[in-house]
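User: Could you take a close look at one part of this model for me, the sheet with the helix lying across it, and then go through the aromatic rings? I'd like the geometry spelled out.

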Amino acid sequence: MLQADSFEHLIECPLIASPTLQHHEYQAQGIPFHVWVQGECDPDWPRLLQDFAAFSEEQLSLFDSFPVADYHFLNQILPYSHYHGVEHTNSTVITLGPAQLLMTDVLYKELLGVSCHELFHTWNIKSIRPAELLPYNYTQEQYFRTCYIAEGITTYYGEYLLARSGVRTAEQYFHELNTVLRKHYEDDGRFNLSLADASVDLWLDGYKNGVPDRKVSVYHKGALVALLLDLALRQLSKHQRSLDDVLRRLWLEFGQPGVGYTEDDYIRLVEEVAGRPMRQYFDSFIYGTAPLEEPLTKALHFVGCTLLQEENVSAAEGVFGFKTILKNERTEVTNISPHSPAAAALTVDDEIIAVNGQRVQMNLQVLLNSGAPSYEVSVFRQSRLLTVLLVAEPSKRFWPKITVEKRPDATPEQQVSFRQWLKQDF
């Protein structure tokens, strides 16, 4: 018989009942971890258990202790494309798909990323909680301004610890980091809303953009400012202290005794670990909308890397400022950069039919790449056929490609610093 100690215990302990449920177990520092898989898939169990044990060990070493006696990864591997994960007290429910592709590079890396992320939540949000969430009120929304800690830091560590534990190579880690950079720089909401304010907004529209170009992601920008802070703390202390120390302090002072932390508590801990005032960091990147390019470039220089900015080679995106997607061979507009030529002519969900009278058949980039100053674009908009004029602005470019790269001229000292940060050779 299963019996819950309380209502919270009941809803915080999800389960799967199925005659086709697969199960394996591994241990990390003597703690049992269970991996459950429901779905028509054939996991490579030796590889999976080795990778899971590696990132579990790395997390346990970071915090020195674990909030619960055991842990369960509850995986629902679906026959169609899907991605989601939710943290619980001693488990996570993860949904991924399509099942046939589980052990391919594309989907397996997602399984590793979301699993490492959700395990980190066992400390950061399930135990280390904002004061506003203690006790949790299930009858109404619980607004708080520190989701950049709960989700932003977790997003950073979810990928970073996979590299630090040797599960990912440095190149694979940079690939994931560059995905976060791309998503951040495609979002013009970064100019308009601070991370602290976006934390509150998360309750209002979840993962969706809400009002276009007015919301910043606590996941993407939150991860980047966590990276910035980690490297800043390492540089100030010559790697004697890092964001790890802030998290350990949060765990010891708030998580273990079950006391909620405030914004001021987090600022205090960061400044104590840094050994100096850090108000400029908070005012600029947490409570303000200052751009990240220059500070990230300087921080990455410390570990022999740089923030590389290149022009977007797509004519639609780089020259005219709009993105499209192919749906059943139909080309539909999905995103438009404010103040771009596309903003004056197109709208999201337009179906692009032709350019200068030539039918669009997976050839949009070719048709827009002739170098002409303007193009007549035929679109279906809410079932009406319209022709609009796209006029290029030679002095403007949109959505540049911004990536983290190793510097070819990195000094021996910087290469040593890279190894101390990532636990991998430069």
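Analyst: Here's a walk from the sheet to the helix, and then on to the rings.

Keep in mind that this is a predicted model. Let's start with the strands. There are five of them, forming an open sheet with mixed pairing, and the order across it is S1-S2-S3-S5-S4. At the edges sit S1, covering 22–28, and S4, covering 82–87, each of which pairs on one side only. Going from one strand to the next, the twist averages 15°.

Zoom in on the S1 end. S1 pairs with S2, residues 31–38, in the antiparallel sense, and seven bridges join the two. If you want a concrete spot to click on, take His-23, whose bridge partner in S2 is Trp-36.

Now add the helix. H2 spans residues 45–63 and lies across S1, S2 and S3, the last of these being strand 71–77. Relative to S1, H2 runs at about 40°.

That helix also brings us to the rings. Phe-52 and Phe-55 both belong to H2 and are three residues apart, which is about one turn of the helix. How exposed or buried are they? Phe-52 has a relative accessible area of 1%, so it's buried, given that the cut-off is under 20%. Phe-55 is buried too, because its relative accessibility is 0%.

What about aromatic pairs more widely? Searching the whole structure turns up 30 of them. The Phe-52 and Phe-55 rings have centres 5.0 Å apart and planes at 50°, so this pair is tilted: edge-to-face would need over 60 degrees, and stacked would need under 30.

For an edge-to-face case, go to Phe-254 and Tyr-261, where the centres are 6.4 Å apart and the angle between the planes is 70°. The cut-off for a pair is centres within 6.5 Å. Phe-254 counts as buried because its relative accessibility is 6%, and Tyr-261 counts as buried because its value is 1%.

Rings can have charges over them as well, so here are two lysines to look at. Lys-323 lies over the face of Trp-399, 4.7 Å from the ring centre. Lys-406 does likewise with Phe-426, lying over the ring face at 5.2 Å from the centre.

Back to the part you asked about: H2 lies across S1, S2 and S3, and the tilted pair of Phe-52 and Phe-55 lies in that helix.

Technical notes
Residues are numbered from 1 along each chain as its sequence is written. This is a predicted model: local features need pLDDT of at least 70, side-chain atom pairs count only at pLDDT 80 or more; totals for chains, interfaces and linings use all residues. Side-chain values use heavy atoms; hydrogens and water are left out. Two strands pair if DSSP finds at least two bridges between them. Helices (H or I, at least four residues) and strands (E, at least two) are DSSP runs, numbered from the N terminus. Axes are lines fitted to C-alpha atoms, for helices over the stretch in contact, and angles run from 0 to 180 degrees between N-to-C directions. Contact means heavy atoms within 4.5 Å. Rings of Phe, Tyr and Trp (its six-membered ring) pair if their centres lie within 6.5 Å; planes under 30 degrees apart count as stacked, over 60 as edge-to-face and the rest as tilted. Buried means under 20% relative accessible area, exposed over 50%, partly exposed in between (1.4 Å probe, protein chains only). A charge sits over a ring if NZ of Lys or CZ of Arg is within 6 Å of the ring centre and within 35 degrees of the ring normal.
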